[in-house]
Amino acid sequence: MSNRITVGLDGSGAGSAAADRAANEAELRSATLELVHAEDWAPYGPFAAPLPEPRRQWAQDLLPLTRDRLLRAHSTLDITTHSAGGLVASEVLASSAAGADLLVLGSRGLGAVAGFVVGSTGSATIPETETPVVLVRSADGLETTLRELLSPWEQKYPQLVVDARVVIGQPAIQILDAASGAAPVVVVRRIRRPAPGARIGPITHAVMHHATSPVAVVAHD
């Protein structure tokens, strides 16, 4: 072993909790902490579409911002960073964790009844690595993350009443159910460049064809 703890970051609350747990473990073991972020590019047949600029900038900022945050709480830690784009995230994480004492990943929970659910990257990474893996669930929940995302818009438009909900189930079905009687229901379509031909995601496609309310489709990067 290399006396190293590796943690995968994806910008989620669970990823942040995983980084905190990994930092604590590294401090207890006097180990190096390695922060890893892998961004899968959207595949189109044999090609892969690079990230749009705002998303690419966010990915570039994630590692240094997380490193700075952890060093404020763990000033003596030796923290390294590694990022990769256009590659399968699970392969990057498994490769980075080779020889490490521990690989720490964020996971998402659906409550005591539904159980503990591992995300797609975690599920793909675990079979590819021989390094022990620790799965960490965010203590804040899905609801806090949603509130954090909505907070800037609530401040910008204080006259609006926002009903924020976190639900379990197929996204298209949940949106159609919540949109019953709405005027209108708004869905987003990600702009992917470069891409051979226009594409609409399955959730937006389902809402467009099955919603009884007027549907507004907004494109974004």
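## A briefing on helix α8 and strand β1

Of the 221 residues in the protein chain, 31% count as buried. Please keep in mind as you read that this is a predicted model. The chain holds 8 helices and 10 strands. Taking contacts between residues at least 6 apart in sequence, 73% of them join residues at least 24 apart. Here is a tour of two parts of the structure, helix α8 and strand β1.

**How α7 and α8 meet**

- Helix α7 spans residues 171-178 and helix α8 spans residues 202-210, and the two pack at an angle of about 35 degrees.
- Their axes lie 9 Å apart, and α7 passes α8 in a right-handed crossing.
- On the α7 side, the contact is made by P171, A172, I175 and L176.
- From α8, the residues that take part are I203, A206, V207 and H210.
- Sorted by character, the residues of this contact are 7 nonpolar, 1 polar and no charged.

**The two sides of α8**

- T204, A206 and V207 are the buried residues to look for in α8.
- They sit on the same side of α8, because they cover an arc of only 160 degrees around the axis.
- Turn to the other side of α8 and you will find P202 and H209, which are exposed.
- The buried residues of α8 pack against helix α7 and against two strands, β9 (185-190) and β10 (215-220).
- A206 and V207 therefore appear twice in this picture: they are buried in α8, their placing on one side of α8 follows from the arc, and they also belong to the contact with α7.

**A closer look at H205**

- H205 is another residue of helix α8.
- Is H205 buried, exposed or partly exposed? Its relative accessibility is 40%, so H205 counts as partly exposed, given that the partly exposed class runs between 20% and 50%.
- Along the chain, H205 and V187 are 18 residues apart, and their C-alpha atoms are separated by 9.6 Å.

**Strand β1 and its partner**

- Strand β1 covers residues 4-8, and 5 of its 5 residues are buried, so the rest of the structure largely encloses this strand.
- Both faces of β1 are covered, with R4, T6 and G8 buried on one side.
- I5 and V7 are the buried residues on the other side of β1.
- Strand β2 (residues 32-39) pairs with β1 in the parallel sense, over 5 bridges.
- Which residue of β2 is the bridge partner of V7? That partner is L35.

Methods. Residues are numbered from 1 along each chain as its sequence is written. This is a predicted model: local features need pLDDT of at least 70, side-chain atom pairs count only at pLDDT 80 or more; totals for chains, interfaces and linings use all residues. Side-chain values use heavy atoms; hydrogens and water are left out. Axes are lines fitted to C-alpha atoms, for helices over the stretch in contact, and angles run from 0 to 180 degrees between N-to-C directions. Helices (H or I, at least four residues) and strands (E, at least two) are DSSP runs, numbered from the N terminus. A crossing is left-handed if the near helix is turned anticlockwise from the far one by less than a right angle, and right-handed if clockwise. Contact means heavy atoms within 4.5 Å. Ala, Val, Leu, Ile, Met, Phe, Trp, Tyr, Cys and Pro count as nonpolar, Asp, Glu, Lys and Arg as charged, and the others, Gly among them, as polar. Buried means under 20% relative accessible area, exposed over 50%, partly exposed in between (1.4 Å probe, protein chains only). The arc is that of the directions from the helix axis to the C-beta atoms. Two strands pair if DSSP finds at least two bridges between them.
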